[in-house]
Amino acid sequence: MKFFTTKAFFALFFSAVVLLSACQPSDSEMNKNPKMAPSTPEVAELTATITDDAFVVDGAWARVGMQGGMSAAYFTISNGLDQDDVLLGATSSVAQATEVHETYDAGEGMMGMRERESLPIAANSLTEFRQGGLHVMFLRLTEELSEGDEVQFTLEFENAGDVTVTAPVRMR
Ligand SMILES: [Cu+2]
């Protein structure tokens, strides 16, 4: 299930307009207890599984973007520890600003996105950053991101500390 049509999705990333229309509201972005029977299509599409006793960021990729423009990175946070954590922020050298964003239903068929300065990561949970949901946003790219490039960014967690992620750049 795709949350955006291709056209709307490109509008999100190549337009300065943050709000856009004709998108379906975002469902749950945190999929807790994925070992249980999936209750939504989003959970059913999850390919990552929780690794016991490990804290892993997996499956990362980033969207192509023009210098001065925007891009975003997607990945899955697998917290197989028995300890809750908190994502406090993200940094990178490819953009003048790197932020943790969530997509939200702004009402009247509009979708918006906004920064999450503190995102709880529950013990024994999978948190999927995906198109139309949570993402790491690169604002004002300092270089062009082309297909085949790799982007590095660092996620800052309260307990897990800094986790540096390498993400291949793709169109979609
Ligand atoms: Cu964003």
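## A tour from the inside out

Start by selecting F153: with 1% relative accessibility, this residue counts as buried. (Buried means under 20% relative accessible area, exposed means over 50%, and partly exposed is in between, using a 1.4 Å probe and protein chains only.) Before moving on, note that this is a predicted model, where local features need pLDDT of at least 70 and side-chain atom pairs count only at pLDDT 80 or more, while totals for chains, interfaces and linings use all residues. Residues are numbered from 1 along each chain as its sequence is written, and side-chain values use heavy atoms, with hydrogens and water left out.

**The rings around F153**

Add F138 to your selection. The ring centres of F138 and F153 are 6.0 Å apart and the planes are at 65°, so this pair is edge-to-face. F138 belongs to strand 10 and F153 to strand 11, 15 residues apart, and the pair links distant parts of the chain. F138 is buried too, at 0% relative accessible area.

What counts as a pair here? Rings of Phe, Tyr and Trp (its six-membered ring) pair if their centres lie within 6.5 Å; planes under 30 degrees apart count as stacked, over 60 as edge-to-face and the rest as tilted. Searching the whole structure turns up 5 aromatic pairs. Another one to show is F75 with F153, which is tilted: 5.6 Å from centre to centre, with 40° between the planes. F75 sits in strand 4 and F153 in strand 11, so far along the chain that 78 residues separate them. F75 is buried, with a relative accessible area of 1%. Now show F129 as well: F75, F129, F138 and F153 form one aromatic cluster.

**The wider core**

Zoom out a little. In soluble globular proteins, nonpolar side chains tend to be buried together. A nonpolar core, as used here, is a set of buried Ala, Val, Leu, Ile, Met, Phe, Trp, Tyr and Cys residues joined through side-chain atoms within 4.5 Å. The largest one has 28 residues, and F75, L87, F129, V136, F138, F153 and L155 have the most contacts inside it. Among the elements that give two or more residues to this core are strand 3 (55-63), strand 5 (85-92), strand 6 (95-107) and strand 12 (161-170). A second, separate core has 5 residues, including M70, A97, M137 and L139.

Next, click on L155. Which residues is L155 in contact with, leaving aside neighbours within four places in sequence? Contact means heavy atoms within 4.5 Å, and the residues are V57, F75, L87, G89, A90, V136, G161, D162, V163 and V165.

For a polar stop, pick S78 in strand 4. S78 is buried, at 4% relative accessible area. Not counting residues up to four places away in sequence, S78 touches T49, I50, T51, A54, F55, V56, S125 and L126.

**The copper ion**

Now select the copper ion. Which residues coordinate it? The ligands are H101 (ND1), M113 (SD), H135 (NE2) and M137 (SD), at 2.1 to 2.3 Å. (Donors are N, O and S atoms within 2.8 Å of the metal, or 3.2 Å for Na, K and Ca; water is not among the atoms, so sites may look incomplete.) The 4 donor atoms subtend angles of 98 to 117°, which makes the arrangement tetrahedral; four donors earn that label if all angles lie between 85 and 135 degrees. Along the chain, the donors follow the spacing H-x11-M-x21-H-x1-M. M113 lies in strand 7 (residues 110-115) and H135 in strand 10, so these two tie together parts that are 22 residues apart in sequence. M113 is buried at 12% relative accessibility, and H135 is buried at 2%.

**Charges over rings**

Show R114 and Y104: R114 lies over the face of Y104, 3.9 Å from the ring centre. Then try R170, whose charged end sits over the ring of W61, 4.4 Å from the centre. (The test asks for NZ of Lys or CZ of Arg within 6 Å of the ring centre and within 35 degrees of the ring normal.)

**Two loop residues**

Most residues other than glycine have a negative phi. E108, which is not a glycine, has a positive phi of about 55°. Find E108 in the loop between strand 6 and strand 7, exposed at 84% relative accessibility. N124 also has a positive phi, about 50°, without being a glycine. Look for N124 in the loop between strand 8 and strand 9 (125-129), where it is partly exposed at 28%.

**Step back**

Finally, show the whole chain as a cartoon. There are 2 helices and 12 strands. (Helices, H or I with at least four residues, and strands, E with at least two, are DSSP runs numbered from the N terminus.) Buried residues make up 47% of the 172 residues in the chain.

Terms used:
Tetrahedral: all angles 85-135°; square planar, octahedral: opposite > 155°, others 65-115°.
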